[in-house]
Amino acid sequence: MVGVVACGAVASIKALWETRIRKISREEEEQRKRRRGGGASGRLCVGVWEDRAVLARLKQKLETEDGRLILRIQQEDWKSLPGCLVQFSQVQEWQIHRTGLQSIPPFISSFQNLLVLDLSRNSITEIPKQIGQYVYLTPKRVLSYNRVQFVPEELSGCESLERLDLAMNRSLDSLPDQLSNLKKLQHLDLSMNEFCCVPDCVVALPALQWLDMGGNRLQYLPEDIHRMEELHSLWLQRNQLEKLPGNIVRMQRLDTLVLSSNCLRDIPPLMEDMSNLRFVNFRDNPLTLDVMLPCRKTKNPDEEEEEEEDEEEEDREMFGREFMQMYIQEARKRAYAVLNVHRANSWYQH
């Protein structure tokens, strides 16, 4: 009988402890849940405060010039732009330089009023497709001195784009054919890249007026270069050009042609008729003929200063327009001289 009572007492104590253990376990679990909930809420609060701090910092970078709202960040550490920036969607111009920015955020499509996107001298490696899918009001984009290797075809959707600067992106060597759809593009800077030829889409740009492809690896120019009917300035310095296509003389609007530091051996005689050329430069080419411009005589000391100004205005410097004309004339004289010698030899032989 005593044993039965003892067993009952033990069973009761065991049940009591099991009940207490379950209760304690439930309380601990509820506490853990509360802690987890409180931590998330705490982190959320921290995130909200961080966004507020970033927005306050960005707000200090907003300026107004000529009635335009500009976001200007210079020489600060901004490797990425926070998503909270979309709260300033009315910004019309981004001027972000030397910040180490590594990418253009996809939410750029939210900035429908953007007129100027200037992100030069950063570390951008990729242009997001969103840059062309939704942003139609950006007439000027400057992405020079970055690390862009690829231009997406979606950029052709920027129907109002007037200026595109992609200078000094190191490995950039091609453009998508779709870029020929940029009907309003007037200014294109592709200098100091790795282009071996002028892309077909560039030749097909209907409104292009200014093109810089200096410092590339161009070995020839397209035969149909005259298709760029509106082009007035063509910069081709520091390339590997050995000759010029004959159709270059059909570029009626071309008034500036820079060909310094190439591999040209001669100047096409037909270029003599390019009266529209105001400035042309053949400096530092291995031209066959050694031609020197004669010194211009001054009438009196009083006219010397005025004449110097005229020389500067007319771009009379050596290897300029006057040099081109003299070189062609000298080449023609020598060709006639050789021809006459050949005719004389033929006459004596008969």
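The following exercises, with worked solutions, concern the cysteines and the sheet of a predicted model.

**Exercise 1.** Determine how many disulfides the model contains, and examine C197 and C201.

*Solution.*
Step 1. State the criterion: a disulfide requires two cysteine sulfur atoms within 2.5 Å.
Step 2. Apply the criterion to the model; the count is zero disulfides.
Step 3. Consider C197: its nearest cysteine sulfur belongs to C196 and lies 6.8 Å away, and C197 is in no disulfide.
Step 4. Consider C201: the closest cysteine sulfur, in C197, is 9.9 Å from that of C201, which is too far for a bond.

**Exercise 2.** Classify C197 and C201 as buried, partly exposed or exposed.

*Solution.*
Step 1. Recall the cut-offs: buried means under 20% relative accessible area, and exposed means over 50%.
Step 2. C197 has a relative accessible area of 30%, so this residue is partly exposed.
Step 3. C201 has a relative accessibility of 4% and therefore counts as buried.

**Exercise 3.** Describe the sheet and explain why β1 and β11 stand at its edges.

*Solution.*
Step 1. Establish the order: 11 strands form an open sheet, arranged β1-β2-β3-β4-β5-β6-β7-β8-β9-β10-β11, with mixed pairing.
Step 2. Locate the edges: β1 (62-65) and β11 (279-281) each have a single partner strand, so one side of each has no neighbour in the sheet.
Step 3. Add the twist, which averages 10° from one strand to the next.

**Exercise 4.** Describe how β5 and β6 are joined, and identify the bridge partner of R141.

*Solution.*
Step 1. Strand β5 covers residues 140-142 and strand β6 covers residues 163-165.
Step 2. These two strands run parallel and are joined by three bridges.
Step 3. R141 has L164, in β6, as its bridge partner.

How values were computed. Residues are numbered from 1 along each chain as its sequence is written. This is a predicted model: local features need pLDDT of at least 70, side-chain atom pairs count only at pLDDT 80 or more; totals for chains, interfaces and linings use all residues. Side-chain values use heavy atoms; hydrogens and water are left out. Buried means under 20% relative accessible area, exposed over 50%, partly exposed in between (1.4 Å probe, protein chains only). Two strands pair if DSSP finds at least two bridges between them. Helices (H or I, at least four residues) and strands (E, at least two) are DSSP runs, numbered from the N terminus. Axes are lines fitted to C-alpha atoms, for helices over the stretch in contact, and angles run from 0 to 180 degrees between N-to-C directions.
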